[in-house]
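Got your viewer open and a selection box ready? Here is a short walk through the model, one stop at a time.

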Amino acid sequence: MAHHHHHHGHSHGSSNESSAAYPTLNFGAGAKWIKHLTKDRLGTFNGGHFSDVNLSSTLYAHRIDNQEHVKLEVWSAPGLSKPSFEEAMKQKFKPTKKGESFGPSWVCRASTNHWWKVSITIPSYLEQYERVQFEFDPGCEAMIHTTDGTPLQGITGGYGGDRRVEHIIPPSAVKAGKYEIVIESSCNGMFGVPWNGDTIAPPDMNRFFQLASADLVVPNMEAWNLMWDFQTLRELTDSLPGNTSLQNKALTTANAIMNAFEKGDPSTITEARKLAEEVFGEGWAKKGAKIYDEGPEKARIWGIGHCHIDTAWLWPYRVTQQKVARSWSTQVDLMDRFPEHRFTCSQAQQYKWLEQLYPPLFERVKEKIKEGKFHPVGGSWVENDSNMPSGEALARQFILGQRYFESRFGVRCKTAWLPDSFGLTGALPQLIRLADMDYFFTQKLSWNNINIFPHSTFNWVGIDGTQVLCHMTPVDTYTAQATVGDINKGVTNHKNLESSDISLLVFGNGDGGGGPLEKMLENLRRIRATGNHSREIPVVNMGHSVDEFFDVVAKDSDAGTKLPNWSGELYLEVLSTFASLYKFHKSDYVYPNERINDCWEKVLLNQFHDVLPGSAIGMVYDDAEKLYAEVRKEGDALIEEAFKAIFSPSVSLADPVMKSKKTGTLVGFNTTFFPRRDIVEVPLTGAATRLRSQVVQTSKDGTVGLALMDGPTAGGLSYGTGMYADCKPVSVTRLGEDHFVLKNASVQLTVSEGRITSLVDVALERELIPEGETGGLVIFDDRPNYWDAWDVEVHHLEKYKKLSFGNISVAAEGPLRAALKAEVKYGQSTINVIISLDAIPASLKKNSRSFFRFDAQVDWHQRHEFLKFELPLDIHNDNATYETQFGHVQRPTHKNTTWDIAKFEVCGHKYADLSEFGYGVAILSESKYGFSCRGNVLRISLLRAATAPDAEQDQGKHEFSWAVMPHQGHFLESDVPIAAILFNSPLHVRLLEDTAEAPLLKTKPGFSIEGAPNVVLETVKRGLDDDFSKHDTSAPTVVLRLYEAYGGHAQATFKIASHIPVVKAVLTNLLEDEGEELNLLQTENASLAVKLKFHGFEVKTVKLTLGKPGALPKRDSWVTIDKPRA
């Protein structure tokens, strides 16, 4: 038996067979190579110095550019407005030709638009080719329409990586020999028109563009496919790490392709493509999109097409409207050619623009959404800034966004989407979940310039404990180019592979739009083909949605239990209308829901993440200011209409008619839900001098009086009164040439030699400024390393100059208000400040102190300098407290770690506070959002002066206010949040001519909270689904938003006044989907109440259904009516 083993599988000794396989003699030089030289050689195969003989020379079979075959006519639109397709077609077009120049780039805040009629005559011999194209390169952005105005695709001219100049002519048109289209071009590049080529530079207002190409071309598709083959092979060679088998195989194959290719022999292109199958697999190309059905079942990289379009940035809103149509029409076209292509896009505002301006394209997008290929994502109105908007504004982003998507497409988004926002508030997870979304995608934190964020896939836990499943793609971009390097980075840069090993590849040109290109989709097919039989490259899948990706992450991680957590903010280092409730005076008052929503849409649009923070070009702010002015005008009108319904006849103190009023009663309407006292200015000129009896203090010139308004009930009315016994009369004392003291029985502030040298709690006899230190205005150098309007570098704190108040004089002497007037001149700028102290406390909470108010008028003309107000405090704490949406956050005052150091300039809303046991000091703000606390120095940022991308940032006149508020007790024991709300919510004061005509005066406040001083009623509004077409609607609803403000539990009794006929109460989410039913309890005074339990920073939305006046909930319904226990 052993003898036979020698003949199974191989033989020993010499034989003809073995010697043929391996020759005995070798006289050759061998096949050793020099790898890096071979790699370098690959760069010569396409384009470059050898383009006349390499693959580039074969990419087109024909190119025709004569006027016999391509007839061009143009109409240049005036720059003042962007005409519609229909308007443009009515104009007179004139003949033009390739090579002509057109412009300028901007006229009167608008990019100039040029319309082209293109008539193409196609020779019959071109029918034989696989594809015939029209190549149009205006050097700028453009869009191709059918002759009836349907957008077909976008054009990106020039020779950048986002170049897209080819339009495929339909085969039917090729056969017919005639094709006509209309093109609209805009004189801006994908990233605007920076004057010096630097992306973030201010725009060149006078740039002209040249029509470089308007050609009828026939692409050699086999050569193009070889070019894409070669590109993938080259990426494998360059991007795979080390010295792997696949890397070397890709290199040798690419080298072999170069050896096989001959310019004049088309068969060598086919031969070269066959060689590429050594890497991609035999017959891979014929499988097309089915290549994704082969290979490993689980893919580690999930490809999703995306086109990030900044709603405004280096271009204004009007240009974005065009970018949306260009980009999305192109993606719809690619979906028809690549069945695996899925495209996701956020921002309901952009969909609405498409719906309004390009209805045929909107219908095509709608069809693709129904097919599951075009995916709305984000659930918000725009990709907003999340640091500066109020909590209610963030809620409205999601409410208006989700309701738009649901109303137009029948779907809500499941994934929130803010890849480009500059830092993310810890209030977001709760709001995302309350907006019926579970997932969140972001990316910008990869920009951190000090610390690397430690997770890729994680549970993001908000300030209230709510979590959302979050993914930050390891590819580190939302504009990936779908290269091998991108695919590989999705694994090698993943920071927690131990708990989740899949990544999103969000690919496509972005910021300025564009989206995925044909070459990206071709590249991904080849990368998948490679991964189907090689373990050296991660497998990529296509044809799925972002939601499906997160569903898999949630399942694989056992609903997130296997994932790491990140708690708190994601820190990037770098009107209520009550009139419809009070139907006393005007029985025909109808709640102006549509007008309110229109105002919200404009505000939410201006909260886009490159508009609100100040990182856009100047013309964007021209547009924003116009929108804000419209909102202000409409808001004032809405308020006036509401007051006329409940207060008629009355006038606002700001109304010019006020000066002609001889009699009347001052009444203030308190839009907050806190009791309050206010000092208000009353004009005393003209007939209004007769109101002098209602004021306590008069200005030196007698034109303005100060009235003390007392509002003892939360959410009620305030009335003018005399000085109360518990008021603290104020005084101002001048001690020498430059030494002033503002004082009442509560607090005292000293200004000496232009600086604040003392801040004293009078009752406690406690000095709050350390000896030898001073507070006041300070100017810092502000020269970021690159991102001018974006970044504040830590080194800016190293170079500063303390400014002194000058020309100080006494502006008011008390007893109700004492004030100093000061002036600061610095450089080319003038800063006028009124420092005042009132005889009332910051709030009506026991032991509340008065605050010092600073009202500034600034004429600002600095460049690259940063104005702040600072106050050194004799208070020590490792953390300072800053308000955020629906709560607060604490951030370090020290530099223990690099994470601590990075938080040297932070975002806060209405207050920043430094407290220790027993005492603290807060800075209140009504329009500034930048704060810092380094050690014991508390600062508020007032003005910057960047020059890119807006060359005139912050230049000109400003008016703003802040306040310094000492308080007894730690922040958590203080009234700082209450005082901050009151500081930001001025009393609406009106002069009532006839109090008998205002029944509201005899009515109790509609809502109140008892037993929970830490719970705030933030918003009162009508229900989203109410019928607003008429005055008397069946079962109208009122929606209230409340939150816990201090970070602890609460059991609140929410009381509803007896004149509001509530028959049902229910908890809802932000979208007002009904949840838990609430018991309505009848209280002793016939009002109703509901019990509400809160945990720290929790937001609750309560929907009340109203019946007819006098209606009560039925006992046999789910609502029970109980007397409260004695």
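The tour goes from cysteines to salt bridges, then to a pocket and finally to aromatic rings. Keep in mind that what you have loaded is a predicted model.

**Stop 1: cysteines**

Select Cys307 and Cys345 and show the sulfurs. Cys307 is not part of any disulfide, and its nearest cysteine sulfur, that of Cys345, sits 5.4 Å away. A disulfide needs the two sulfurs within 2.5 Å. You can stop hunting for others, too: the structure holds zero disulfides. Cys307 counts as buried because its relative accessibility is 1%. Add Cys413 to the selection; at 3% relative accessibility, Cys413 is buried as well.

**Stop 2: a bridge between two helices**

The whole structure has 59 salt bridges, so let's be choosy. Select Arg273 and Glu222, which form a salt bridge with their closest N and O atoms 3.7 Å apart. Colour the helices now: Arg273 belongs to helix H8 (residues 266-280) and Glu222 to helix H6 (residues 221-239), and the two partners are 51 residues apart. Turn on a surface and compare the ends. Arg273 is buried, at 12% relative accessible area, whereas Glu222 is partly exposed, at 30%.

**Stop 3: Arg817 and its two partners**

Centre on Arg817, which lies in strand S39 (residues 817-826). What does its side chain meet? One partner is Asp838, in a salt bridge of 2.7 Å, N to O. Asp838 is in strand S40 (residues 829-838), 21 residues from Arg817 along the chain. The other bridge to pick up here goes to Glu681, with the closest N and O atoms 4.0 Å apart. Glu681 sits in strand S27 (residues 676-683), 136 residues from Arg817.

Which of these three are buried, and which exposed? Arg817 is buried at 17% relative accessible area, and Asp838 is buried at 16%. Glu681 is exposed, at 51%; the cut-off for exposed is over 50%.

**Stop 4: a salt-bridge network**

Next, select Arg63, Asp65, Lys98, Glu135 and Asp215 and show them as sticks. Salt bridges link these residues in a network.

**Stop 5: the second largest pocket**

Now select Asn46, Trp224, Met227, Trp228 and Lys519. Among the 34 residues lining the second largest pocket, these are the closest to its centre. The volume of this pocket is about 970 Å³.

Which element gives the largest share of the lining? Helix H6 does, with nine residues. Strand S1 (60-64), strand S8 (133-137), H6 and helix H15 (518-531) each bring at least two lining residues. Colour the lining by class and you should see 14 nonpolar, ten polar and ten charged residues.

**Stop 6: aromatic rings**

There are 41 aromatic pairs in the whole structure. Zoom in on Phe1007 and Phe1054: their ring centres are 5.6 Å apart and their planes meet at 15°, so this pair is stacked. Phe1007 is in strand S52 (residues 1007-1010) and Phe1054 in strand S55 (residues 1050-1056), so the pair ties together parts 47 residues apart in sequence. Phe1007 is buried at 1% relative accessible area, and Phe1054 is buried at 1% too.

For the last selection, take Trp328, Phe343, Tyr351, Phe362, Phe374, Trp381, Tyr404, Phe405 and Phe409. Together these residues form one aromatic cluster.

How values were computed:
Residues numbered from 1 in each chain as written. Predicted model: local features only at pLDDT ≥ 70, side-chain atom pairs only at ≥ 80, totals over all residues. Heavy atoms only, no water. Buried < 20%, exposed > 50% of the residue type's maximum accessible area, 1.4 Å probe, protein only. Salt bridge = Lys/Arg side-chain N within 4 Å of Asp/Glu carboxyl O. Helix = DSSP H or I, 4+ residues; strand = E, 2+ residues; numbered from the N terminus. 1 Å grid on protein atoms, 1.4 Å probe; cavity = no way out; pocket = protein on both sides within 12 Å on 5 of 7 lines; lining within 4 Å. Points joined across faces, edges and corners; volume = space filled by probe spheres on them. Nonpolar A, V, L, I, M, F, W, Y, C, P; charged D, E, K, R; others polar. Phe/Tyr/Trp six-rings, centres within 6.5 Å; stacked < 30°, edge-to-face > 60°.
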